[in-house]
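Me: Please take a close look at one part for me: the nonpolar core. Explain each term as you go, and say what lies around that part.

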Amino acid sequence: MSGSRAADDAPLVQDRYTFGLLLRLCVNTAGGVGILFVILYLALSRSLPGDYAGVYHALRNLSPFLRPILAVSVLVYALLACGSTSALCIYILHKVAGPLYRMERILDQYRAGVHTRTVSFRHDDQIQPLAHAFNQWIGALRRDRQRWLATMKDAERHCLQDEATCRSEMEAALRKIAGDMARYH
Amino acid sequence: MRNSALQPPRPSVRYVNPRFQGPAVLAFTAIIAIGGAIFWKLVDGEFQRVFPKAAIRGHYTFNSAYDIVRDLLSWHLAGLFLGVFLTGSILVLVIIAATRHGIGKAVDSLRTSADGDLSTPTGTGPIGEFDRFGKKIDAARSDTLTSVRKIRSEADALAAGGMSPEEFRLRWDELKQQIRTIAP
């Protein structure tokens, strides 16, 4: 019971998961900016010519020279950061997307009338209460189904007696089942 | 040889859901691309201004071009990092909030279903993937309610009597079969 309550009270998305995602995003962004810094540092840190005129001309011509270098370095940063962030995004969000996809398939199977097994996600997956709530629902339906079938079976036992008793017991069982089903709306 | 029939079912989730992860990846990519473009535009503009200005100033107390733009570059790189990270963080928090809201509604809906309410819409909200998921849950609940109502009306009809014992027995058995199809 306490396990069931713990599953009910479990957060849909754990704070640890959110902080982990933010931390990895921070590391990823810092890595991308670090690579951009290294490229620009390598391009800009070359020593200028020693004489006055050489420095003057080098600085005058540096801006047009740096333009493609800057463009390429930003492009490299964007490609690396986009690649690593996309991989991170797919990997981390898989902890939500995977269970969601699994639940969709189980719902499709349920509607198709295929036997539905108890749903469980991997321990590090998020949205665990979803599986628990689904299991609770299916469990309640199965308990009701067993009770209705047991009621019918009990009524059938009276068929060992006379026909009239059997029929009246069966009709009483049907009224009980219909009354029981009224809770579904 | 391993007998797969004896293996316990593994609760593994191997699938990637592009409808959920795809938009998030695109949004992060857009943030990085926009951040990079703004950085390029600003730094390029500064380089066009700073180096000619340094050339005509005349006092060359630096060894490399990096010495001229060190502070400028540091500030812009810090700005790029903060801009991309903070916008990305906001996106992460929005995704988490949307997940909590959408899946929270689905969980509430399944819990009320266990109490017999199969008709109140899940209401997972307008966000694509969660909306679709909510509709799937509603469809499963609706199917169950239809089955239960059908069985109930048949049980009521049988309980009302007025039919031959043969027909009653036949419909009784059919009803049992129908009940067995609930939550297979």
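Reply: What follows starts at the core and then works outward.

This is a predicted model, where local features need pLDDT of at least 70, side-chain atom pairs count only at pLDDT 80 or more, and totals for chains, interfaces and linings use all residues. Residues are numbered from 1 along each chain as its sequence is written, while chains are lettered from A and ligands numbered from 1 in the order in which they are written.

The largest nonpolar core holds 60 residues. Such a core is a set of buried Ala, Val, Leu, Ile, Met, Phe, Trp, Tyr and Cys residues joined through C-beta atoms within 7 Å. Buried means 20 or more other C-beta atoms within 10 Å of the residue's own, exposed means 12 or fewer, and partly exposed is in between; C-beta atoms are placed from the backbone.

Which residues have the most contacts inside this core? They are L130(A) and F134(A). Take F134(A). Beyond its neighbours within four places in sequence, F134(A) is in contact with M103(A), V119(A) and L110(B). Contact means that two C-beta atoms, placed from the backbone, lie within 7 Å.

Both chains feed this core. From chain A, α2 (15-44), α3 (52-111) and α4 (128-157) each supply at least two residues, as do α1, α2 and α3 of chain B. Helices (H or I, at least four residues) and strands (E, at least two) are DSSP runs, numbered from the N terminus. The largest share, 17 residues, comes from α3(A). Domain 1 (11-122) and domain 2 (127-185) of chain A each give at least three residues to the core. These bounds come from an automatic or database domain assignment.

A separate core has 17 residues, including A155(A), M170(A), A173(A) and L174(A).

Now the two domains of chain A. Their C-alpha centres lie 56 Å apart. Even so, nine residues of domain 1 are in contact with eight of domain 2. On the domain 1 side, six are nonpolar, three polar and none charged. Here Ala, Val, Leu, Ile, Met, Phe, Trp, Tyr, Cys and Pro count as nonpolar, Asp, Glu, Lys and Arg as charged, and the others, Gly among them, as polar.

I127(A) sits in the loop between α3 and α4 of chain A. Its phi is positive, about 45°, although I127(A) is not a glycine. Is I127(A) buried or exposed? I127(A) is buried, because 27 other C-beta atoms lie within 10 Å.

Next, the contact between the chains. 80 residues of chain B are in contact with 87 residues of chain A. On the chain B side, α1 (18-57), α2 (65-114), α3 (128-159) and α4 (165-180) each supply at least two residues. α2(B) gives the most, with 23 residues. By class, that side has 53 nonpolar, 18 polar and nine charged residues.

Last, chain A as a whole. It has five helices and zero strands. Its C-alpha trace spans about 120 × 35 × 25 Å along the principal axes. A compact globule of 185 residues would have a radius of gyration near 16 Å, but chain A has 34 Å. That radius is taken over C-alpha atoms, and the globule rule is 2.2 Å times the number of residues to the power 0.38. Of the 185 residues of chain A, 32% count as buried.
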